[in-house]
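Student: I have a model open on my screen and would like to know what stands behind the labels people put on it. Could we go through them together?

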Amino acid sequence: MSCSSVLKLNAASSSWISGHHSFNHPTGSTPRFANRRVSLIRAGSYTEELVKTAKTIASPGRGILAIDESNATCGKRLASIGLDNTETNRQAYRQLLLTTPGLGGYISGAIMFEETLYQSTTGGKKFVDCLRDENIVPGIKVDKGLVPLPGSNNESWCQGLDGLASRSAEYYKQGARFAKWRTVVSIPCGPSALAVKEAAWGLARYAAISQDNGLVPIVEPEILLDGDHSIDRTLEVAEQVWAEVFYYLAENNVVFEGILLKPSMVTPGAEHKEKASPETVAKYTLTMLKRRVPPAVPGIMFLSGGQSEVEATLNLNEMNQSPNPWHVSFSYARALQNTVLKTWQGRPENIEAAQKSLLVRAKANSLAQLGKYSAEGESEDAKKGMFVKGYTY
């Protein structure tokens, strides 16, 4: 892609943002973009590669396997099947996942924790090479976790910008081609304007730094399921958050064609008295996306956020019943791994069965991305919700 074509593409993206500035402001207020020209985004040395990588990940019938849990969170998963939290056990579990034969038919990218990016199989083959052999793009979690946000309503902000450029360059050398940064927004805590702005600004700076170092940034402001709020309240907050995010992405000259989004689905709070149907979740979620996300963005890779395996798949399937401006797919952790872990139980003799269960879940979500999934024959375990109040990665 030539420099001029990238400038044209991003001029269109900037125009989209500029033309839709009203969603940030109540009627009668002064728009942010008034008397201000949005700068054109300059094509960097990695621009063509970024666009190609994003399109590869956003390929039909495929989505992302998220195995980027911190060592502490991975330890909780292992503890659930009676295993100690050791590097050997973490490596064994991730080897099971990343060496599953045929996984690349349904999975286009795998997000790893730093430890996993540098690990190899017990036979000495790098995990990065295992993924490449299946045409799966290696990815890396780059944030440093959530900490309390001073001056807020008991909210959090995501740290990790310090040293991010040098770390990203090293991750690229190791074979990573996309990155993930997860921040969160809590509806019961407000959210405060400060928390929303901090989340959006941090994501935008991370995205710009990632692209500058050859990594496609996954932009993830997770709106937590915690709370008893209605689906309408979730929609209101989601629109507010994504308005801020795209404003700051444009401010930071991020190339929209070289990013992926990882949004929460628009659902009621986990403790709300009424559960929403897949049709309702799809309607609200697509409404939000069409109001906020430019068509220049190649892919929307939903997080599961504690939904059951089947629920996350049904909701995704419903969103793909008609054409969308973007590839609408998945970036699931628990919703792909829950049955796998229970099947494995840490026993070598169960590896093949566990890998088959991973393929079952991956294929189900592949079909959902194509709008062809049916929940017929799903196990009761796969229908159990996985929401944990105050869940941390």
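Tutor: Gladly! Let's start with burial: a residue is buried under 20% relative accessible area, exposed over 50%, and partly exposed in between, using a 1.4 Å probe and protein chains only. Keep in mind that this is a predicted model, where local features need pLDDT of at least 70, side-chain atom pairs count only at pLDDT 80 or more, and totals for chains, interfaces and linings use all residues. Residues are numbered from 1 along each chain as its sequence is written, and side-chain values use heavy atoms, with hydrogens and water left out.

Student: Why is cysteine 130 called buried or exposed?

Tutor: Cysteine 130 has 8% relative accessibility, so it counts as buried. Cysteine 158, with a relative accessible area of 7%, is buried too.

Student: How many disulfides does the structure hold?

Tutor: A disulfide here is a pair of cysteine sulfur atoms within 2.5 Å, and the structure holds 0 of them.

Student: What makes aspartate 129 and arginine 132 a salt bridge?

Tutor: The rule asks for a side-chain nitrogen of Lys or Arg within 4 Å of a carboxyl oxygen of Asp or Glu. In this pair the closest N and O atoms are 3.5 Å apart, and the two residues form a salt bridge. By the same rule the count comes to 16 salt bridges.

Student: Where do aspartate 129 and arginine 132 lie relative to each other?

Tutor: Both are in helix α6 (residues 127-133), and because they are 3 residues apart, about one helical turn separates them. Helices are DSSP runs of H or I with at least four residues, strands are runs of E with at least two, and both are numbered from the N terminus. Aspartate 129 is partly exposed at 28%, and arginine 132 is partly exposed at 43%.

Student: Why is glutamate 220 called buried or exposed?

Tutor: Its relative accessible area is 1%, so glutamate 220 is buried. Glutamate 220 forms a salt bridge with lysine 180, the closest N and O atoms being 3.5 Å apart. That pair links distant parts of the chain: glutamate 220 is in strand β7 (residues 216-223), lysine 180 is in strand β6 (residues 178-185), and 40 residues separate them. Asp68, Lys180 and Glu220 are linked in a network of salt bridges.

Student: What about lysine 275 and glutamate 311: how do you know whether they are buried or exposed?

Tutor: Lysine 275 has a relative accessible area of 70%, so it is exposed, while glutamate 311, at 22%, is partly exposed. These two also form a salt bridge, with the closest N and O atoms 3.2 Å apart.

Student: How do you know that the length of helix α8 agrees with its residue count?

Tutor: The expected span is 1.5 Å times one less than the number of residues. Helix α8 (residues 193-212) has 20 residues and should therefore span 28 Å; its end C-alpha atoms are 29 Å apart, which agrees. Just after α8, glycine 214 takes a positive phi of about 85 degrees.

Student: What makes a set of residues a nonpolar core?

Tutor: The members are buried Ala, Val, Leu, Ile, Met, Phe, Trp, Tyr and Cys residues joined through side-chain atoms within 4.5 Å. The largest core has 105 residues, and Phe246, Leu249 and Trp344 are among those touching the most other members. Helix α9 (residues 231-251) gives the most to this core, with 12 residues.
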